[in-house]
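Q: I'd like a close look at one part of this structure, please, along with whatever around it helps to make sense of it. Please spell out the cut-offs as you go.

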Amino acid sequence: MTAAVTEPAASARLPRLDWPFLIAALLALSLLVALVMIDGQPAAAALLVSGFALGVVFLKAEFSFTASWRRLIVRGQADGFLGGLLLIAIAATVIVPVAATVQGFGGTIAPIGPSLVIGAFVFGIGMQLANGCGSGTLYTVGGGSGRMLVTLALFIAGSVIGSLHLPAFLSLGGIDPVLASNHLGPWGGLAATLASIAAVAAAIVAYARKKGAAVWPARKIVIGAILIGLLCIAVFAAGRHPWSVTFGFTVWGAKLATLAGIDLTGAEFWQWPGPKRALGDSILSDTSSLTDIGMILGAMAAAAAAGPFARNAWPPLKSLLAAAVGGLLMGWGARIGFGCNIGAFVGGVASGSLHGWVWFLAVLPGCMIGIRLRPLFGLSRE
């Protein structure tokens, strides 16, 4: 006599919805979209929705620059890093030619000098201690991570401090931005950009094979990379500039400092036209802030739709210290180095700007040091 096989109850097979948080995320998004639409800003609404979708995709695909770069450095594993290159290539197919030919659109460009290199290096240390980069901090905060709330708070503080130091670092010199389309035209610039991505991908594949590590991305990573690449194009279309994360953090920190009675208007950075305008205007008029807010809400909705929201215990004190130190270093490094993995690397390379690759070469040794420091805070090197 064989035992009967009992089918699990339908409720056990379905994900548990955390309705209060799911509804709160959707209501917040709807309210913000309504506010900017009433104010006659359909592009702002598109940025909020695009950010929301990015939060969902990052969380569901578990797409992580920080972890994939750590696996590449420690194990020689290429799969996650190749996923990142795929999304950059997708974004570049639109960003490079449109930024070069359509008035009102622009790519992500930056000068190449000590500021870029030092900022990226420091950012690399911070991202491995914090266990998240700019986008990673946003979607894990949205997903309910208390640890990453600590990282975000110090990330914001570090960004403001970095804004005060940036002019001095720029005075150290460097070379003007190098943009492929300026030298090769829009289509030649695109060809050169895609060729550079392919060359780096080939080198990474050869390195992974030599190490005997995983090479090709899993289906989830590929789908996530494709969707994120398409959403990068959507952000570019709505904001007329590639996706940026960390400038929003700087603006939030400056506004909080102003509320606390700290006057930043005399600082050189906050006298430049862009930062000055952002400090005086609502955050709902800042493209970086809009996508950042949308991303937090999207990750929150995705997490709440999949199970109980924010029910994990707080990590040990040493781990929280790593989150704080990492956040501070990332904030300072991102402002000095013109962005994070998204703003500097993804946006820079997808715009055909040489500084994106220079940022990447500078961030890698920082990551190596950060990985070596992780055990001091009770974190695994892998």
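A: Happy to help, and a definition comes first: a salt bridge is a side-chain nitrogen of Lys or Arg within 4 Å of a carboxyl oxygen of Asp or Glu. Lys and Arg count as positive, Asp and Glu as negative, while His and the chain ends are not counted. Burial is judged by relative accessible area: buried is under 20%, exposed is over 50%, and partly exposed is in between (1.4 Å probe, protein chains only).

Keep in mind that this is a predicted model, where local features need pLDDT of at least 70 and side-chain atom pairs count only at pLDDT 80 or more, whereas totals for chains, interfaces and linings use all residues. Residues are numbered from 1 along each chain as its sequence is written, and side-chain values use heavy atoms, with hydrogens and water left out.

Let's start with Asp292, which sits in helix 13, residues 287–306. (Helices are DSSP runs of H or I with at least four residues, strands are runs of E with at least two, and both are numbered from the N terminus.) Asp292 is buried but has no salt bridge. The nearest side chain of opposite charge belongs to Arg335, and it is 9.2 Å away. What does Asp292 touch instead, leaving aside neighbours within four places in sequence? Its contacts are Leu138, Ser244, Val245, Gly248, Phe249 and Trp252, where contact means heavy atoms within 4.5 Å.

Now to helix 10, which spans residues 219–239. This helix gives four residues, the largest share, to a nonpolar surface patch. The patch consists of Leu86, Ile223, Ile226, Leu227 and Leu230, and together they have about 370 Å² of accessible area. Patches are built from residues with over 30% relative accessible area and no salt bridge, joining like charges within 9 Å and nonpolar side chains (Val, Leu, Ile, Met, Phe, Trp, Tyr) within 5 Å. Accessible areas come from the Shrake-Rupley method with a 1.4 Å probe, and for residues only the protein chains shown count as cover. Ile226 counts as partly exposed because its relative accessible area is 36%.

Ala238 also lies in helix 10, but this residue is buried, because its relative accessible area is 16%. The C-alpha atoms of Ala238 and Ala43 are separated by 5.0 Å, although the two are 195 residues apart along the chain. Beyond its neighbours within four places in sequence, Ala238 is in contact with Ala43, Ala46 and Leu47.

Arg240 comes in the loop between helix 10 and helix 11 (246–259). Its phi is near 60 degrees, a positive value in a residue other than glycine. Most residues other than glycine have a negative phi. With a relative accessibility of 43%, Arg240 is partly exposed.

Finally, a word on cysteines: why does the structure hold zero disulfides? A disulfide is counted when a pair of cysteine sulfur atoms lies within 2.5 Å. The sulfur of Cys232 is 11 Å from the closest cysteine sulfur, in Cys340, so it is too far for a bond. For Cys133 the closest cysteine sulfur is also in Cys340, and it is too far for a bond because it lies 6.0 Å away. Cys232 is buried at 4% relative accessibility, and Cys133 is buried at 1%.
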